[in-house]
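Here's a quick tour of a protein with its ligand. Pull up the structure and follow along.

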Amino acid sequence: MHPLPKATKPLLFLASLLPLARLVWLGFTDGLTANPIEYITHQTGTWALNFLLFTLTVTPLVRLTGYTPLTGLRRMLGLYSFFYAVLHFITYIWLDQFFDFGHILHDIGKRPFITVGFAAFVLLIPLAATSTKAMMKRLGRRWKQLHRLVYPAAIFAVVHYYWLVKKDVTVPLEYAAVLAALLLIRLLPRKATGGKRIT
Ligand code: HEM
């Protein structure tokens, strides 16, 4: 089987920075709308969720195509999800709450959409922390078990989005449908990979 072209990873790395580059550009050109904090929160949240779903797309794609080298892109996509989630969280604690940790804790406890967003974020931390090859080796079978946390993290993230939208829930429902498809497809028989498991 052909490996991925050498340029794939560097190109994906750079392409994944584009949403951030766009925000920086808009910041310098006065383009962050009339409510920049809200805009940055929404953009970083959306991209954290997009990358989480891209990450979850890799395994079904490998199963459908049998092209296992694609698995090599999964870690980068997952780490970018975490990266945008960190930016999202920093926007919230810094620009939105001005480091008022008393109020932040109150918010996490009292507003269900913040509670579930925070839960999604917390679940992503051990995944990012154990994403290295060395950790994969060290944890062995437990690595796979631990990384199943990506499923509740993604569900929490979609619920977070659904709960925070006040009027038109079409987009969060679209995300929910894509996530449901990505999770359900995992229950199908593993034909394309000859029944082989993908770590
Ligand atoms: C650390 C915990 C988190 C906090 C405190 C938080 C907070 C927020 C806030 C305040 C908003 C804007 C709400 C509004 O405008 O009414 C928001 C939007 C959003 N967040 Fe989070 N969030 C967290 C974690 C996450 C995570 C882990 C993800 C995804 C992986 C995520 C995805 C989103 C999305 C998709 C939106 C909506 C974007 C849009 O409206 O276009 N959030 N979040």
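What follows covers the ligand site, then the nonpolar core.

Keep in mind that this is a predicted model. Let's start with the ligand, which sits in the largest pocket. There are 20 residues around the ligand, and the ones that come nearest are His42, Thr46, His88, Phe89 and His160. By type, the shell breaks down into twelve nonpolar residues, seven polar ones and one charged one.

Where does the shell come from? Four helices each put in at least two residues: H3 (36-65), H4 (74-96), H6 (112-129) and H9 (150-164).

Some side chains also make polar contacts with the ligand. Here are three of them, with the distance between the side-chain atom and the ligand atom:

| Residue | Ligand atom | Distance |
|---|---|---|
| His42 | oxygen | 2.7 Å |
| His88 | nitrogen | 2.7 Å |
| Lys166 | oxygen | 3.2 Å |

So His42, listed among the nearest residues, has an N or O atom of its side chain 2.7 Å from a ligand oxygen. His88, also on that list, pairs a polar side-chain atom with a ligand nitrogen.

Now for the packing. The largest nonpolar core holds 31 residues, and Leu52, Leu53, Leu56, Leu124 and Leu179 have the most contacts inside it. Two or more residues of this core come from each of H3, H4, H6, H9 and helix H10 (170-184). H3 gives the largest share, at eight residues. Helix H3 thus turns up twice: it supplies at least two residues of the ligand shell and the largest share of the core.

How values were computed
Residues numbered from 1 in each chain as written. Predicted model: local features only at pLDDT ≥ 70, side-chain atom pairs only at ≥ 80, totals over all residues. Heavy atoms only, no water. Near = heavy atom within 4 Å. Polar contact = N/O pair within 3.5 Å; in protein donor to acceptor, adjacent residues only side chain to side chain. 1 Å grid on protein atoms, 1.4 Å probe; cavity = no way out; pocket = protein on both sides within 12 Å on 5 of 7 lines; lining within 4 Å. Sits in = over half its atoms within 2 Å of the grid points. Nonpolar A, V, L, I, M, F, W, Y, C, P; charged D, E, K, R; others polar. Core = buried A, V, L, I, M, F, W, Y, C linked by side-chain atoms within 4.5 Å. Buried < 20%, exposed > 50% of the residue type's maximum accessible area, 1.4 Å probe, protein only.
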